Amino acid sequence: MKALRAYIFSLTAFLLISSLISAFLAEPCAAALASSNNITLERNGMTWEYHEQIAGNKAILFRNFIDMQAGNNDNFVNAWEIQKAENILRNRAREVLKTKPDVKLNDSSELVKVTDVDFWLSEEALGKVEKNSSITNSALVSYTFEKEVGEGTRVWFMGAPNSSVTITLPAGLKVERIEGLDNKSQNFENNLTVLRGNFSSQKNITLWILDESSKAILEDRKGSAEQSTGKEDQDNKNKTGTAGETVKSWKLFGSSKDNFAWFCSSPKS
């Protein structure tokens, strides 16, 4: 009877943790347990780092998951089991990201490619599975873009409702409009635009991008053209002025007709 009860508990724990992990991985890089997201956007790609903290009964279920799925089911989590669980979760995350993208450009996931996924389980998971102390885990996903992010690009992120997020844009890029970011703040740090807030209850954030660097280039070109035109006008003015000075000097001696008369009437030697 005791063994049966232990089996039922283990099976229940397995089913619960499996559904927990499924929910966690069904929304890559963000889930009900995610406490923070850190997104670094570049023109040709991005990285998404997230951290989750599990405590109480969920921590017990998570330790049971590690012990059953990656270990020998001895009610104890060791370092080797943690490493194996990391590989399981890493591979699972890669598969889920293929079928349920969490990043889009201009409403298309075809322009976004996942290049790397990493997953770390903290050492806090070590020990008896009955421990309910908190476990902090981390993951990092890297992406490349088939099309460069620039003026007019819409970038869409899917995350966990109400989880905190920091989004750092590359130099020269700003946002014209933001949707889905609650409690938002926008700062300029180290010459970069940094957005902070929380994913809304709709789970999605959309950014409309402005490219200040392209505008600066256009303004520089316009300024150079105006400067060049101004220089040409000045050169023409200088040329006109020089010609005027020559005419003025010639007029000191009278008109060409007067000069000719003066020459003819002057005594010959």
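**Strand pairing, nonpolar core and largest pocket**

Val117 stands opposite Val141 in strand β7, a register that belongs to the antiparallel pairing of β5 (residues 112-121) with β7 over nine bridges. The model described here is a predicted one. Strand β7 also pairs in the antiparallel sense with β2 (residues 45-54), in this case over ten bridges, and within that pairing Tyr50 of β2 stands opposite Ala139. Strand β7 itself, which spans residues 135-145, is mostly covered, with eight of its eleven residues buried.

In soluble globular proteins, nonpolar side chains tend to be buried together. In the present model, the largest nonpolar core comprises 45 residues, and those with the most contacts inside it are Met46, Trp48, Phe145, Phe157, Ile167, Leu169 and Leu207. When neighbours within four places in sequence are left aside, Phe157 is in contact with Met46, Trp48, Ile167 and Leu207, among others. The contacts of Phe157 also include Ile39, Val103, Phe199 and Ile205, together with Asp102, Lys203 and Asn204.

The largest pocket has a volume of about 280 Å³. Of the 15 residues that line this pocket, Leu97, Lys98, Val112, Lys113 and Val114 are the closest to its centre. Helix α3 (79-99) and strand β5 each supply at least two residues of the lining, and β5, the strand that pairs with β7, gives the most, with six residues. By class, the lining of the largest pocket consists of seven nonpolar, two polar and six charged residues.

Note on methods
Residues numbered from 1 in each chain as written. Predicted model: local features only at pLDDT ≥ 70, side-chain atom pairs only at ≥ 80, totals over all residues. Heavy atoms only, no water. Core = buried A, V, L, I, M, F, W, Y, C linked by side-chain atoms within 4.5 Å. Buried < 20%, exposed > 50% of the residue type's maximum accessible area, 1.4 Å probe, protein only. Contact = heavy atoms within 4.5 Å. Helix = DSSP H or I, 4+ residues; strand = E, 2+ residues; numbered from the N terminus. Pairing = 2+ DSSP bridges. 1 Å grid on protein atoms, 1.4 Å probe; cavity = no way out; pocket = protein on both sides within 12 Å on 5 of 7 lines; lining within 4 Å. Points joined across faces, edges and corners; volume = space filled by probe spheres on them. Nonpolar A, V, L, I, M, F, W, Y, C, P; charged D, E, K, R; others polar.
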